[in-house]
Amino acid sequence: MTDRSPRLLPWTAPGGKPCYLFTDDDGGFLSRYADEVEALQLGMGLALLGHARVLIDDPAADARQLRFLSVQLSAALRDAVRVAQARGAGVSAQVE
């Protein structure tokens, strides 16, 4: 058995605690699913950025719309940081 570090998964447990996968099989079902979730999260974040630019440039956008956008951007950024941490990008801050 190899001495591998656990993989940080792209979702959290109840209460917001991080989830980790301990495995020697990078091609296992859960590893593949985590890869798919990471790709989905990053893709949704990119789409949200495009929407954000349109809304920010709209002078008719109201506070409620901008508040909702900021909540969604915050969630997308949290997901992107978690993906970066999982991929070993050296992001040391705890994602909350």
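**Entry 1: surface patch**

I looked first at the nonpolar surface and noted a patch of about 320 Å², made by F29, L30 and Y33. The model I am reading is a predicted one. I placed L30 in helix α1, which covers residues 29–57. I then asked whether L30 is buried or exposed. L30 counts as partly exposed, because its relative accessibility is 33% and the partly exposed class lies between 20% and 50%.

**Entry 2: overall layout**

I counted two helices and two strands in the protein chain. Read from the N terminus, I recorded the order of elements as β-β-α-α. For burial, I noted that 25% of the 96 residues in the protein chain are buried. The exposed area of the chain is about 6800 Å², and carbon and sulfur atoms supply 60% of that area. I also looked up the sequence range of the contacts: of those between residues at least 6 apart in sequence, 40% join residues at least 24 apart.

**Entry 3: the helix pair**

Two packed helices are described by the angle between their axes and the distance between the axes. I therefore looked up both values for α1 and α2 (residues 63–86): the axes come within 9 Å and cross at roughly 150 degrees. I recorded the crossing of α1 and α2 as left-handed.

Which residues of α1 meet α2? On the α1 side I listed E38, Q41, L42, G45, L48, L49, H51, A52, L55 and I56. On the α2 side I listed Q65, L66, L69, Q72, L73, A76, D79, A80, V83 and A86. I marked E38 and D79 in these lists, since E38 also takes part in a salt bridge with R7 and D79 in one with R82.

**Entry 4: salt bridges to strand β1**

I obtained a count of seven salt bridges. I examined the bridge between D35 and R7, where the closest N and O atoms are 2.7 Å apart. D35 belongs to helix α1 and R7 to strand β1 (residues 7–12), so this pair ties together parts that are 28 residues apart in sequence. How do the two partners differ in burial? D35 is partly exposed, with a relative accessible area of 37%, whereas R7 is buried, with 19%. The value for R7 falls under the 20% cut-off for burial.

R7 has a further partner, E38, and I noted an N to O distance of 3.3 Å for their salt bridge. This pair also links distant parts of the chain, with E38 in helix α1 and R7 in strand β1, 31 residues apart. I found both E38 and R7 to be buried.

I then looked for a wider arrangement and found R7, D35, E38 and R87 linked in a network of salt bridges.

**Entry 5: a salt bridge within α2**

I looked up R82 and found a salt bridge with D79, the closest N and O atoms being 3.6 Å apart. Both residues lie in helix α2, three residues apart, which is about one turn of the helix. I recorded R82 and D79 as buried.

**Entry 6: D24 in the loop**

Where does D24 lie? I located D24 in the loop between β2 (18–21) and α1. D24 counts as partly exposed, because its relative accessibility is 42%. Finally, I looked up its separation from S5: the two residues are 19 apart along the chain, and their C-alpha atoms are separated by 9.7 Å.

Technical notes. Residues numbered from 1 in each chain as written. Predicted model: local features only at pLDDT ≥ 70, side-chain atom pairs only at ≥ 80, totals over all residues. Heavy atoms only, no water. Patch = residues over 30% accessible without salt bridge, like charges linked within 9 Å, V, L, I, M, F, W, Y side chains within 5 Å. Areas by Shrake-Rupley, 256 points an atom, 1.4 Å probe, with all protein chains shown as cover. Salt bridge = Lys/Arg side-chain N within 4 Å of Asp/Glu carboxyl O. Helix = DSSP H or I, 4+ residues; strand = E, 2+ residues; numbered from the N terminus. Buried < 20%, exposed > 50% of the residue type's maximum accessible area, 1.4 Å probe, protein only. Axes fitted to C-alpha atoms, helices over the stretch in contact; angles between N-to-C directions. Left-handed = near helix turned anticlockwise from the far one by under 90°. Contact = heavy atoms within 4.5 Å.
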